[in-house]
Amino acid sequence: MHRWRCLAVSALACVAVLQVQAQAAEHQSFLPLRRLAATSVEAGDPAAAKALETVPAEWIITNESAPGILARTATPQREILFTTIRLAPVKFEEPLDMIANFCYFVKKSGALPHLLIFTTDILTWHRLHKLGFPAYLDRAFPARPEYIFGEASRPAGTYNRVFDVEKHWWGWKILEQDFFAVYMDADAVPLKDPFLAFQDNLYDVQGLSDWDVPRIPIQEDALVQSCELYYLVPDKAVASGTMLREHWHIPDKKVQLFSINPCQSTGLWYLRPTPPAKAFMLAMVHRLIHPATWHQWDQTAWNEVILPFLWGTGDSEQLAYRILPNENYINVRAIPDHEKAGLPLDIVILHSGGTHGRNKALAYAARGFWHPELGKALADVPGGKLAHTHAARPGWSHTRPKPPGAEVPALRHLTDFQFTAVVAVTSALLTAGLMLAVFRVAGRGRAGRAARAGGAALWGLKAGGEALSPHPRSGKGAADP
């Protein structure tokens with residue numbers, strides 16, 4: 001019986017140790033990350049593989065480390081703001097200033113601790129990290145080989161750059177981890193809390209209007225009124241025979257057909273972690289990687305893919321979707337017409353859609369929204385980390401309940417050192433307890449054998465204890481150890 005007690009105690013202790021180790025694995029982002037193996041492309045290029053070694057492991061995001069990084073970055077309401085970018089090897093100064101301006105206003109709005117910048121390019125990562133921005137080298141996004149080569153990161157046959165596709169993949173990935181996602185182009189300006197659009201509504205998906213009119217048309221008007229950006233054109237590669245295309249990429253205007261679509265910009269969108277939103281973002285990812293449709297511009301694809309999700313079926317819930325009110329979320333080029341019409345403006349987020357190159361900075365500067373100096377101010381922060389504090393925002397409750405298991409475990413609020421110490425001490429105590437239990441049980445076993453050997457005649461047994469005898473407590477037959 002003592003042998004079975006020993007085995008039981010050992011098993012329980014092992015289970016406890018395994019539970020601690022499993023919890024440690026779940027929170028692996030708090031522990032030193034292993035060096036990521038080079039991708040197949042980098043493995044075949046010694047110079048690229050060597051460049052990867054210059055990126056500290058904690059700044060490389062992988063499928064394994066992503067859950068911890070997302071949990072560490074999210075607000076208490078599980079919201080995450082993110083953007084994707086890739087700078088050109090040369091003439092990158094103006095886009096870098098735009099990113100600095102973006103981070104300045106994100107910081108001013110109080111959301112900088114909850115911002116993630118993803119890039120697939122090592123050189124871009126170094127340029128952003130040197131300025132102290134929260135950039136991660138993305139080794140989770142499965143980029144097509146065509147996107148990895150070439151300076152422009154835009155392969156022949158598509159209008160999408162690598163980060164145009166990457167942003168939709170990360171929108172889906174963040175939802176799959178049950179976080180609320182806000183995507184914002186790095187040429188946007190948040191003037192207030194960028195998470196405000198999640199308050200007091202049930203929408204699964206929300207996006208910025210690209211209608212170039214002061215008032216967004218109501219649904220019935222959209223049946224006859226077009227935003228004149230997108231038209232259906234014949235496309236033999238698609239099963240339906242037609243594809244939505246942006247007008248500036250339609251050489252023959254005679255073939256374009258009127259299209260009903262929401263005319264939404266993909267420069268700003270909000271996602272709630274619900275089944276309809278997850279299904280829609282997965283469909284977007286599939287659309288942008290499928291051989292027959294990967295050439296469709298991502299913004300045009302969004303305005304076509306979202307339509308069949310707006311009605312439910314017997315097996316799936318419809319997508320709750322809206323265009324954001326343009327008195328709060330607006331493109332900078334639309335402000336003059338809005339003001340001329342005498343409509344109110346209470347801007348939460350400003351975007352520079354439809355404005356190009358240096359004109360973006362000029363448009364922002366004209367309204368006092370140009371501050372690229374943040375990057376220079378953060379460049380000397382030790383360790384490339386942002387020196388900031390996040391002012392607490394007023395708390396609110398999302399009207400749609402969080403999915404089961406969405407709560408962030410308390411351990412995830414520990415620092416790296418604290419969590420490592422907790423795991424180490426707990427494992428040591430359990431191991432010591434296991435050893436003590438084994439020694440005590442073994443000691444009792446030796447003492448019991450000695451006593452039984454002396455009084456074996458009373459039980460009619462040999463000293464070796466080969467025979468069965470009634471157990472003194474249960475009365476059941478038991479074999480001596």
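This report walks through the sheets, the nonpolar cores and the empty spaces of the protein above.

**The big picture**

Keep in mind that you're looking at a predicted model. The protein has 14 helices and 15 strands. Of its 481 residues, 48% are buried. If you take the contacts with a separation of 6 or more, 72% of them are between residues 24 or more positions apart.

**Two open sheets**

Let's start with the strands. Strands of a sheet pair through backbone hydrogen bonds, either parallel or antiparallel. One open sheet here has eight strands, in the order S1-S4-S3-S2-S5-S10-S7-S11, and its pairing is mixed. At the edges you'll find strand S1 (60-61) and strand S11 (321-323). Each has a single partner strand, so one side of each is left without a neighbour in the sheet.

Further in, strand S5 (residues 180-184) runs antiparallel to S10, and four bridges join the two. To spot this pairing, find Val182: its bridge partner in S10 is Tyr270.

Another open sheet has three strands, in the order S6-S13-S12, again with mixed pairing. Its edge strands are S6 (189-190) and S12 (329-331), which each pair on one side only. S6 and strand S13 (residues 349-351) run antiparallel and are joined by two bridges. Here you can look for Pro190, which stands opposite Ile349 in S13.

**Nonpolar cores**

Now for the inside. In soluble globular proteins, nonpolar side chains tend to be buried together. The largest nonpolar core of this model has 81 residues, and the members that touch the most others are Trp170 and Trp302. Helix H8 (residues 162-176) supplies the largest share of this core, with eight residues.

What is Trp302 in contact with, leaving aside its neighbours within four places in sequence? The list includes the aromatic residues Trp269, Phe280 and Tyr321, along with His168, Val205, Gln264, Thr266, Leu271, Met281 and Met284.

There's also a second, separate core of 13 residues. Among them are Phe105, Val332, Phe369 and Trp370.

**Empty spaces**

Rolling a probe the size of a water molecule over the atoms shows where empty space is left. The structure holds one cavity of 30 Å³ or more. Here is how the largest pocket and the largest cavity look side by side:

| Space | Volume | Lining by class |
|---|---|---|
| Largest pocket | about 1400 Å³ | 18 nonpolar, 15 polar and 17 charged residues |
| Largest cavity | about 60 Å³ | four nonpolar, three polar and two charged residues |

Which residues lie nearest the centre of the largest pocket? They are Arg161, Asp187, Thr355, His356 and Lys360, out of a lining of 50 residues. Several helices and strands take part: strand S2 (79-84), helix H5 (93-108), H8, strand S10 (264-271), helix H10 (298-305) and helix H12 (358-366) each supply at least two lining residues. H5 gives the most, with four residues.

Two of these elements have turned up before. H8 gives eight residues to the largest nonpolar core, and S10 is joined to S5 by four bridges.

The largest cavity has its own lining: Ser209, Trp211, Asp212, Val213, Asn326, Ile330, Asn331, Arg333 and Ala334. If you want to find this spot in the 3D view, look for Trp211 and Arg333, which are both part of that lining.

Terms used: Residues numbered from 1 in each chain as written. Predicted model: local features only at pLDDT ≥ 70, side-chain atom pairs only at ≥ 80, totals over all residues. Heavy atoms only, no water. 1 Å grid on protein atoms, 1.4 Å probe; cavity = no way out; pocket = protein on both sides within 12 Å on 5 of 7 lines; lining within 4 Å. Points joined across faces, edges and corners; volume = space filled by probe spheres on them. Nonpolar A, V, L, I, M, F, W, Y, C, P; charged D, E, K, R; others polar. Pairing = 2+ DSSP bridges. Core = buried A, V, L, I, M, F, W, Y, C linked by side-chain atoms within 4.5 Å. Buried < 20%, exposed > 50% of the residue type's maximum accessible area, 1.4 Å probe, protein only. Contact = heavy atoms within 4.5 Å.
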